[in-house]
Amino acid sequence: MAGKFDTPVQTQMAVAVSNGVCNGECRPRTRRVFVQTETGCVLGLELDRNDNAHTVKRKLQIAFNVPTDESSLTFGDLTLNNDLSAIRNDSPLLLTRNVMHRSSSTPCLSGKNLQQRDRSSLVEILGCSVRFDGAIELVKEIIKAIKNGVDPIPVNSGLGGAYYFRNTKGENVAIVKPTDEEPFAPNNPKGFIGKALGQPGLKHSVRVGETGFREVAAYLLDYDHFANVPPTVLVKVTHSVFNVNDAMNGNKLQNTKVSKIASLQQFIPHDFDASDHGTSSFPVDAIHRIGILDIRILNTDRHGGNLLVRKFGGVGGFGKVELIPIDHGLCLPESLEDPYFEWIHWPQASIPFSEDELEYIKNIDPIRDSNMLRTELPMIREACLRVLVLCSIFLQEAAAFGLCLAEIGEMMSRQFHVQQEEPSELEVICLEAKELVREIDLSFFKADEKDDEFQFDMDCEAAQFNVSPNMSGSAKSPLHYEFGSVNDQSFLAQVDEAVEESEIRVDEDRFRNALSLSPSLNKVNLGEKGFHYHCGKPEGNSTMGYSYSSRMSRSANEQLPTSISFVKFADMNEDEWNAFITKFKELLYPAFANRRSQTTGQRQRLGNSCQF
Ligand SMILES: Nc1ncnc2c1ncn2[C@@H]1O[C@H](COP(=O)(O)OP(=O)(O)OP(=O)(O)O)[C@@H](O)[C@H]1O
């Protein structure tokens, strides 16, 4: 399907990486980095051999007027204090104001001032995987079109900023989504602003500005185009079509040429998407393949609009269709989340995996995948890679046990009872595994200092802080946990602090309207006034022994989905993580057997009407 994008074009590397710093083997003589500020401005910088974090910050002080002692330079989980040896060529770094200096926002220098300092070309691919080679042709086409006056076109749908980039014939060839135009990012063109890059975003465990590399990760993980993810790269792109909000005056800056870091995905001509069409004609193998990918990457956003449908044989092509999965910005969260799998109730998902699919699943190697992503996308956070490893193992073991796609998806999905959200079966297994590791005395719940670097420093995660395993019944399963007290002052103080720190400016009516239109947010509950975490014993028909509800004084933060992380992985050191994975695997078989008996029971109750 992906056509020329698939063909390695080694000789054209210099088009995308115009100054020759990348030799195709990622061993450049000099390194270039792209520094992005919290407000989205991007500056390309050549690093000298002797540069360290301080000298880089000094250069940035000149460009952005942010004093070196008031700013931090980060690269994924890493805060750069001195040594820059971990920084690869073409890496995007984030320059943030330190918390005490947040009130004065980093100015976004634009136009001539910034451009004069940045000599990179119109569109540049960040990274040099051979999987990106085919994109060089596409980038070349786009640059040629722009130089010929064929400008990109803003995409109206969706909550984030997106642009169709065209070829000289005016045909759409790519969709570009700037990281600073995501929902709630500073330069969102649709009014959903109020967060700085790096803060928790639309999904709590996916930070603002970090959906772009996830789109690329999904493409890189989709070996052999198994699921048909369109080729996707991370780019630095300069154009005046992009949106820049003038935070000072509340206006948009018009016709300002700015550089952005963005995901660039090949545009796939299509006839409609899965939300517009009956699903019965969708091929079983296409749904299985997309489902397998969604499970590996814990996709929290596989709604019908994110499955493009292309008819074979043009109009009237007798119903045969091809599916193209898009929009993977909300996969690989930093902690276990509630996934969203549109396919879960489609009959195709209940058909057993084929031999070929089982073979593909068996050959997935999550450690190799993590290493590959660390190499190709070094800004990716370790917590995301742990989610990848865990979900891949879960998929492999479940498929080997004989579960089908729907059963696996259901085990990963949370249940909602009235207004209460319960952890998924997968999350319960993880909590039990964590508890078992704690019992073997690895001081499990004590996060070491290093781990703090990659935890959210600004969020309402009191539920995790207060999760205290009530294991008096010890090895009983399902587990019974209690959350901290409703009136827990320290918890409320933390929530208040978090709320104060994050000023969300959103037109509420507009947001509600968008929620009703946006399938990505179909589980968002704006709720009644305020939220709190309800604590206590399992209630009602809660099968897993958890309960959660929300009510607190109203704040702007409420505009965002309230979601809870039952299981985090960032709080484990390496030994704990390895011990956890061992215990996790041990717990899988009984959980699968339990699921199988439930499914069998359901099928018996439903009788033959449910067979297909
Ligand atoms: N690779 C692609 N090829 C063709 N069209 C695409 C591609 N990726 C996205 N689109 C189209 O671009 C539009 C915007 O896509 P995007 O993924 O940003 O938003 P969305 O999924 O509609 O929004 P949201 O996830 O915020 O609800 C959609 O209509 C989608 O169909």
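Which residue takes a positive phi in the hairpin of strand 1 and strand 2? The first close-up has the answer, and the other views move on from there through the rest of this predicted model.

**View 1. A hairpin at strand 1 and strand 2.** Gly40 is the residue to look for: its phi is positive, near 100°, and it belongs to a hairpin with four residues between the strands. The two strands of this hairpin, strand 1 and strand 2 (residues 42-47), run antiparallel and are joined by six bridges. To find your way across the pair, start at Val35 and step over to its bridge partner in strand 2, Leu43.

**View 2. Strand 1 and its other partner.** Strand 1 also pairs with strand 5 (residues 91-97), and here the two run parallel, with five bridges between them. Thr37 is a handy landmark, with Leu95 of strand 5 as its bridge partner. Strand 1 itself (residues 31-37) is mostly covered, since six of its seven residues are buried. As a bit of background, strands of a sheet pair through backbone hydrogen bonds, either parallel or antiparallel.

**View 3. The whole protein, for orientation.** Stepping back for a moment, you can count 16 helices and 20 strands in the protein. Of its 612 residues, 46% are buried. Contacts often reach far along the chain: among those between residues at least 6 apart in sequence, 71% join residues at least 24 apart.

**View 4. Val241 and its surroundings.** Val241 sits in the loop between strand 10 (232-239) and strand 11 (245-246). Is Val241 buried, exposed or partly exposed? It has 17 other C-beta atoms within 10 Å, so Val241 is partly exposed. Setting aside neighbours within four places in sequence, Val241 has contacts with Asp151, Pro152, Pro154 and Tyr163. Val173 makes a useful distance marker: its C-alpha atom is 16 Å from that of Val241, and the two residues are 68 apart along the chain.

**View 5. Two loop residues with positive phi.** Asp224 and Leu298 are worth viewing side by side. Asp224 is not a glycine, yet its phi is positive, at about 60°. You'll find Asp224 in the loop between helix 5 (211-221) and strand 10. Just 6 other C-beta atoms lie within 10 Å of Asp224, so this residue is exposed. Leu298 isn't a glycine either, and its phi is positive at about 45°. The loop that holds Leu298 runs between helix 6 and strand 15. Leu298 counts as buried because it has 26 C-beta neighbours inside 10 Å.

**View 6. An open sheet of three strands.** The strands here are ordered 14-15-16, and their pairing is antiparallel. At the edges are strand 14 (272-273) and strand 16 (321-325), each of which pairs on one side only. Strand 15 (residues 307-311) is joined to strand 16 by five bridges, in the antiparallel sense. For a quick check of that pairing, find Val309, which stands opposite Leu323 in strand 16.

**View 7. Helix 6 against helix 10.** Two packed helices are described by the angle between their axes and the distance between the axes. For helix 6 (residues 284-296) and helix 10 (residues 405-412), the axes come within 11 Å and cross at roughly 25°. Helix 6 is therefore roughly parallel to helix 10. Their crossing is left-handed. On the helix 6 side, the contact uses His288, Gly291 and Ile295, while helix 10 brings Leu405, Ile408, Gly409 and Met412. Sorted by class, the residues of this contact are four nonpolar, three polar and no charged.

**View 8. Helix 8 against helix 9.** Helix 8 (residues 366-376) and helix 9 (residues 382-401) have axes 9 Å apart and pack at an angle of about 155°. That angle is why helix 8 and helix 9 are called roughly antiparallel to each other. The crossing of helix 8 with helix 9 is right-handed. Helix 8 contributes Pro366, Asp369, Ser370 and Leu373 to the contact, and helix 9 contributes Leu385, Leu388, Val389, Ser392 and Ile393. By class, this contact of helix 8 with helix 9 has six nonpolar, two polar and one charged residues.

Definitions and conventions: Residues are numbered from 1 along each chain as its sequence is written. This is a predicted model: local features need pLDDT of at least 70, side-chain atom pairs count only at pLDDT 80 or more; totals for chains, interfaces and linings use all residues. A residue is buried if 20 or more other C-beta atoms lie within 10 Å of its own, exposed if 12 or fewer, and partly exposed in between; C-beta atoms are placed from the backbone. Two residues are in contact if their C-beta atoms, placed from the backbone, lie within 7 Å. Axes are lines fitted to C-alpha atoms, for helices over the stretch in contact, and angles run from 0 to 180 degrees between N-to-C directions. Angles under 35 degrees count as roughly parallel, over 145 as roughly antiparallel, 65 to 115 as roughly perpendicular and the rest as oblique. A crossing is left-handed if the near helix is turned anticlockwise from the far one by less than a right angle, and right-handed if clockwise. Ala, Val, Leu, Ile, Met, Phe, Trp, Tyr, Cys and Pro count as nonpolar, Asp, Glu, Lys and Arg as charged, and the others, Gly among them, as polar. Two strands pair if DSSP finds at least two bridges between them.
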